[in-house]
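Hi,

Here is the structure I said I would pass on. Have a look at it first, and my notes come underneath.

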Amino acid sequence: MAKSRRGRGGPESVTRTVDGGLAELRPDRDRPRGWTLLIDGAPQSHVDLDDPAYLEFSYQRRLGHVADLTAPAGKPLQAVHLGGGALTMARYIAATRPRSTQQVLEIDAPLVQLVREQLPLESGWRIRVRGADARAGLAKIPDGWADLIIADVFGGARTPAHLTSTEFVAEVRRALRPGGCYAANLADGPPLRFLRGQIATVRTAFPELCLTADPAVLRGKRFGNAVLLASDRPLPLAELTRRAAGDPHAGRVEHGRALLDFTGGTPPVTDATAVASPPPPADTFA
């Protein structure tokens, strides 16, 4: 059952127990119809119902840059979202690229129900939300169907192990059309062992990679998010670098030799060796 907590002179917070823990939709005091989704106190995503093209979180802005540069401006995309959350990126693509066709794979059915009830999608958006495990659902996507696949899956603030292997990445490559893009939101902290392993893993399926994140994260100074972008075609590195540098929290883009050196010889991850991403430090969301 959902519970509400009245804000001071504004909308109420809404809480509900979902499969992933305690979900809270918290109103944004600066945006009249803005909401932040938290799971067990950890911020997951932000939505502004009045402006679905607005991206509050740094990692979502970086994913937005990828969506913007995957195809010419305004061209509809066929996109697959592994992990739904509050459907922020699906809303963004629908708003910025009308007539896009999107599939969202989200295993947490009670969370999907909460989001649909409290943050409804606009009529006319071609967004299909399927209650399925991300990898199992991806296996049902036809070969070469997607222009863009975004992986943003967290269970208990950790990326599940079965979404980190070479076998999983091969499935991503199969579902992408030639020239399509894969973007993964990854979270790690010092010594960045998980992040290095993911770069090596994705490299087994894609020849072109880059990584964008807060410089402090890349230096191993703190825990945080990094977006890994991969394709079989040259990436728009100059424009990605410009956009990341211009974000409110400026990011850095690593690619080429620097990215290879960053991995430090870390081997690719397989289904047999895969582990979930590390948990965030206890004070990360304080």
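Below is what turned up, starting with the cavities and moving on to the sheet and a couple of residues.

Before anything else, keep in mind that this is a predicted model.

**Cavities**

How many cavities of 30 Å³ or more are there? The count comes to two. The largest holds about 110 Å³ of space, and the second largest has a volume of about 40 Å³.

The largest cavity has 14 lining residues, and those nearest its centre are Ala 151, Leu 163, Tyr 182, Ala 184 and Leu 186. By class, its lining has 10 nonpolar, three polar and one charged residues. Strand 10 (176-188) and helix 6 (193-203) each give at least two residues to that lining, with the largest share, four residues, coming from strand 10.

For the second largest cavity, the lining is made up of Arg 62, His 65, Val 66, Thr 212, Leu 240, Ala 244 and Val 253. That divides into four nonpolar, two polar and one charged. Here helix 1 (58-69) and helix 8 (237-246) each supply at least two residues, and helix 1 has the largest share with three.

**A closer look at Ala 184**

Ala 184 belongs to strand 10, and it is one of the residues nearest the centre of the largest cavity. Is Ala 184 buried or exposed? Its relative accessible area is 4%, so Ala 184 counts as buried. Leaving aside residues up to four places away in sequence, Ala 184 touches Ala 151, Ala 226, Val 227 and Leu 228. If you want a distance to check, the C-alpha atoms of Ala 184 and Asp 152 are separated by 6.2 Å, while the two residues are 32 apart along the chain.

**The sheet**

Strand 10 is also part of an open sheet of eight strands, in the order 8-7-6-9-10-12-11-13, with mixed pairing. Strand 8 (126-130) and strand 13 (252-255) stand at the edges with a single partner strand each, so one side of each has no neighbour in the sheet. On average, neighbouring strands are turned by 15° against each other, direction ignored.

Next to strand 10 in that order comes strand 12. Strand 10 and strand 12 (residues 224-231) run antiparallel and are joined by eight bridges. Within this pair, Ala 183 has Leu 229 of strand 12 as its bridge partner.

Helix 5 (residues 166-175) packs on the sheet, where it touches strand 6 (78-82), strand 9 (146-151) and strand 10. The direction of helix 5 makes about 145° with that of strand 10. Which residues of helix 5 are buried? They are Thr 166, Phe 168, Val 169, Val 172 and Ala 175. Their cover includes strand 6, helix 4 (134-138), strand 9, strand 10 and helix 6. Helix 6 and strand 10 also appeared above, as contributors to the lining of the largest cavity.

**One more residue: Thr 88**

Thr 88 is found in helix 2 (residues 88-96). Thr 88 has a relative accessible area of 4%, under the 20% cut-off, and is therefore buried. What does Thr 88 touch, not counting residues up to four places away in sequence? The contacts are Ser 45, His 46, Val 47, Leu 55 and Gln 60.

Over to you!

How values were computed: Residues are numbered from 1 along each chain as its sequence is written. This is a predicted model: local features need pLDDT of at least 70, side-chain atom pairs count only at pLDDT 80 or more; totals for chains, interfaces and linings use all residues. Side-chain values use heavy atoms; hydrogens and water are left out. On a 1 Å grid over the protein atoms alone, a cavity is a set of points where a 1.4 Å probe fits but cannot get out, and a pocket is an open set with protein on both sides within 12 Å along at least five of seven lines; lining residues have an atom within 4 Å of a point. Grid points are joined across faces, edges and corners, and a volume is the space filled by probe spheres set on the points. Ala, Val, Leu, Ile, Met, Phe, Trp, Tyr, Cys and Pro count as nonpolar, Asp, Glu, Lys and Arg as charged, and the others, Gly among them, as polar. Buried means under 20% relative accessible area, exposed over 50%, partly exposed in between (1.4 Å probe, protein chains only). Contact means heavy atoms within 4.5 Å. Two strands pair if DSSP finds at least two bridges between them. Axes are lines fitted to C-alpha atoms, for helices over the stretch in contact, and angles run from 0 to 180 degrees between N-to-C directions.
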